[in-house]
Amino acid sequence: MTDLVTATEAALEGELPGGRGELSQGVLNALRAPAGAQLPDPASAKRADPFGDDLQLALYVSYELHYRGFAGVDPAWEWDPALLALRAAMERRFLHALRDRTAGHPDVHDALDELLVEPVDGTGVSYFLRDEGQLWHLREYAAMRSLYHLKEADPHAWVIPRLHGRAKAAFVAVEFDEFGGGRAERVHARLFADLMADLGLDPSYGRYLDAAPAEMLANVNLMSLLGLHRAHRGALVGHFATVEVTSSPGSRRLAEAMRRTGAGPAAEHFYAEHVTADAVHEQIVRRDVIGGLLADEPSLAPDVAFGIAATTCLEDRLGDRLMAAWQDGSTSLRAPL
């Protein structure tokens, strides 16, 4: 396991994926040329399905230039004005659709209270994996989630310069844990790579981008969109809160699933680590991150509530796709592993 992870960590950049439509193919064609090559007209974003494969892949590829980038892609593309204009058009399309889907969401305190409710007879992905999931289900789930977990905490880190005082100090305290508390071998992205190796998956960065459906891309894209815009700092805090508040009970179920199926010690450890850590994080996020932010900027309360609602909406869409496929006995990915 260690040899596999060490070898793949040397390849820091991902590989460009295949296109999924006119918009994403146009972006990918341009990225294979020097910065400044012709891109799709931003008006084309208005015609794209805001939750569909084409727009979500085009957005994902555009955002990835701010993370590790892609092998062979000119680094100057990161700040290319034409690409930023196209990205802005795609972001508007995506955000408008999300706001429509979450219209009438509760205020921030009610939204947080709803996250804390664990149903007695829960359903959904983590329950299914705990009770019925087979190794192939767990492998698909891990492959899909690798798009986020191999850069875990990075999208949220964009908000740190936009916070101050109590909110910033508390936020950084949580992120410090996510980044391994100063120990490289405990960085959560590394722990997830070890999980993937236990499951016989390739932990190379971005390896399963082609296989991931639009529902997974949208989840990661939301984090990047909110993090890269100071105007959305409240919504990103809402997203962060949703992840931390819901992580501990879900991680407990996933740790049980890994143990029951004999997935391996690293696979079980990744989720077991999150059970305790995120239970503590939930209290810090509620009291000090959100509490500190709204004490300083009370006008951001609706934005925090939107971040919670949008995150829940996209996670529900992803869960629906997974469960519909698995209950039918078919793969939830765009192509089987």
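Helices here are DSSP runs of H or I with at least four residues, numbered from the N terminus. The model is predicted, so local features need pLDDT of at least 70 and side-chain atom pairs count only at pLDDT 80 or more, while totals for chains, interfaces and linings use all residues. Residues are numbered from 1 along each chain as its sequence is written, and side-chain values use heavy atoms, with hydrogens and water left out.

**Exercise 1. Find which helices supply at least two residues each to the lining of the largest pocket.**

Step 1. Start with the term: on a 1 Å grid over the protein atoms alone, a pocket is an open set of points with protein on both sides within 12 Å along at least five of seven lines, a cavity is a set where a 1.4 Å probe fits but cannot get out, and lining residues have an atom within 4 Å of a point.

Step 2. Collect the helices: α5 (108-115), α6 (125-131), α7, α11, α12, α13 (265-296) and α14 (301-327). The largest contribution, twelve residues, comes from α14.

Step 3. Look towards the centre. Of the 50 lining residues, R145, T242, T246, S247 and E315 lie nearest to it. The pocket holds about 1300 Å³, a volume being the space filled by probe spheres set on grid points joined across faces, edges and corners.

**Exercise 2. Check the length of α12 against its expected span.**

Step 1. The expected span is 1.5 Å times one less than the number of residues.

Step 2. For the 29 residues of α12 (residues 233-261) this gives 42 Å, and the end C-alpha atoms are 40 Å apart, which agrees.

Step 3. Now follow the axis: α12 has a kink of about 50 degrees at S247, shortly before the proline P249. That bend is the angle between axes fitted to the seven residues ending there and the seven starting there.

Step 4. Just past the end of α12, G262 has a positive phi of about 65 degrees.

**Exercise 3. Place V220: is this residue buried or exposed?**

Step 1. V220 belongs to helix α11 (residues 214-227).

Step 2. V220 is buried because its relative accessibility is 1%; the limits are under 20% for buried, over 50% for exposed and partly exposed in between, with a 1.4 Å probe and protein chains only.

Step 3. Beyond its neighbours within four places in sequence, V220 contacts Y60, L147, Y148 and K151, where contact means heavy atoms within 4.5 Å.

Step 4. Y60, L147 and K151 are also among the residues lining the largest cavity, which encloses about 70 Å³.
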